[in-house]
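Open the model in your viewer and keep the selection tool at hand. The stops below say what to select next and what is there.

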Amino acid sequence: MKQLLYVDCNIRLEKSRTKQLADAFLENVSDDYEIVHLNLMEEPLQPQTGKFYFDREELLKEGNRTHERFRYAHQIANADVVVMAAPFWDLSFPALLKIYIENCSVDGITFESDETGLHGLCKGKLIYLTTRGGIYKDSTWAQDVPYLKAIQEFLGFTSFDYVAADGMDITPEYRKQSLDEAKKKAAELAKTL
């Protein structure tokens, strides 16, 4: 059975519009996939600083890539599809998702380096689902999609797709229309897996 890793960064939990978008996607995923739900709000994630960083560097120096702290990297590297769902905050997404990605970026697990450069080791597809208060389609202010597209290339994911519902804070009517359209796109994308 193939595995879909659902990286849930829906900070507002049940009131999350991004969660509604993610639900529309997940409800249309084929039964060929086992869905693994990783709720970042419940994970003991830490930024790479101080002792936490130096302990990691020591493990890598020893060649110990089976240590528990590398579980996120192994999980993302082995997934056939990775779906990241997060709201659009401060021109990108919540810092929690960035911290998660930092914990997944491990030389020898999700990428490797040699004299020719960096090579991604992730085998699956990367999909990003988001909702945005304003309208940011094609805006240079929106840094979430370019960043995740670069991560896709860096970690070696075979493809990158995203669905964004813009204008969530404009009017209730606009919000409903935009979210409904995005849910349809998300459902269609899920059916292509």
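## Strand β7 and its end

Select alanine 165, which lies in strand β7. The model is a predicted one, and the values quoted on this tour are computed from it. At 0% relative accessibility, alanine 165 counts as buried, because the cut-off for that class is under 20%. Leaving out neighbours within four places in sequence, show its contacts: Thr130, Thr131, Arg132, Ser178, Leu179 and Ala182. For a distance check, pick the C-alpha atoms of alanine 165 and proline 94; they are separated by 17 Å, with the two positions 71 residues apart along the chain.

## Arginine 132 and its two partners

Among the contacts of alanine 165 is Arg132, so select that residue next. Arginine 132 is buried, with a relative accessible area of 4%. Which residues form salt bridges with arginine 132? One is aspartate 144, with the closest N and O atoms 3.4 Å apart. This pair links distant parts of the chain: arginine 132 sits in the loop between β6 and α5 (144-155), and aspartate 144, 12 residues away, in helix α5. Aspartate 144 is buried too, at a relative accessible area of 0%.

Another partner is aspartate 166, where the closest N and O atoms are 3.3 Å apart. Aspartate 166 belongs to the loop between β7 and α6, so its bridge to arginine 132 ties together parts that are 34 residues apart in sequence. Both of these residues are buried.

## Other salt bridges

A search of the whole structure finds 12 salt bridges. To see a network, select Glu43, Glu68 and Arg71, which are joined by salt bridges that share partners. Then go to arginine 56 and glutamate 57, whose closest N and O atoms are 3.3 Å apart in their salt bridge. Arginine 56 is buried, at 10% relative accessibility, whereas glutamate 57 is partly exposed, with a relative accessible area of 30%.

## Strand β3

Select residues 81-85, which make up β3. Five of the five residues of this strand are buried, so β3 is largely enclosed by the rest of the structure. Colour Val81, Val83 and Ala85 one way and Val82 and Met84 another: the two sets point in opposite directions from β3, and all are buried.

Now add the strands that pair with β3. β1 and β3 run parallel and are joined by five bridges; leucine 5 has valine 82 of β3 as its bridge partner. β3 and β6 also pair in the parallel sense, over five bridges, and here alanine 85 stands opposite leucine 129 in β6.

## Helix α1

Select residues 17-26 for helix α1, whose buried residues are Thr18, Leu21, Ala22, Ala24, Phe25 and Leu26. An α-helix has 3.6 residues a turn, so residues three or four places apart point the same way. What covers the buried residues of α1? The cover includes β1 (2-8), β2 (33-39), β3 (81-85), β6 (125-131), β7 (159-165) and α6. At the N-terminal end of α1, zoom in on serine 16, which caps the helix: a side-chain oxygen of serine 16 lies 3.1 Å from the backbone nitrogen of threonine 18.

## Asparagine 103

Move to helix α4 (residues 95-104) and pick asparagine 103. Is asparagine 103 buried or exposed? It counts as buried, at 4% relative accessibility. Its side chain reaches the backbone oxygen of glutamine 46 at 3.1 Å. Leaving aside neighbours within four places in sequence, asparagine 103 is in contact with Leu45, Gln46, Gln48, Phe52, Tyr72 and Ala73.

## The β4-β5 hairpin

Show residues 111-114 and 117-120: these are strands β4 and β5, paired in the antiparallel sense over four bridges. They form a hairpin with two residues between the strands. Across the pairing, glutamate 112 stands opposite histidine 119 in β5.

## A patch on the surface

Finish with a surface view and select Ile135, Ile170 and Tyr174, a nonpolar patch with about 270 Å² of accessible area together. Tyrosine 174 is placed in helix α6 (residues 172-191). At 34% relative accessibility, tyrosine 174 counts as partly exposed.

Terms used: Residues are numbered from 1 along each chain as its sequence is written. This is a predicted model: local features need pLDDT of at least 70, side-chain atom pairs count only at pLDDT 80 or more; totals for chains, interfaces and linings use all residues. Side-chain values use heavy atoms; hydrogens and water are left out. Patches are made of residues with over 30% relative accessible area and no salt bridge: like charges are joined within 9 Å, nonpolar side chains (Val, Leu, Ile, Met, Phe, Trp, Tyr) within 5 Å. Accessible areas come from the Shrake-Rupley method with a 1.4 Å probe; for residues, only the protein chains shown count as cover. A salt bridge is a side-chain nitrogen of Lys or Arg within 4 Å of a carboxyl oxygen of Asp or Glu. Buried means under 20% relative accessible area, exposed over 50%, partly exposed in between (1.4 Å probe, protein chains only). Contact means heavy atoms within 4.5 Å. A polar contact is a pair of N or O atoms within 3.5 Å; within protein, one must be able to donate a hydrogen and the other to accept it, and residues adjacent in sequence count only if both atoms are side-chain atoms. Two strands pair if DSSP finds at least two bridges between them.
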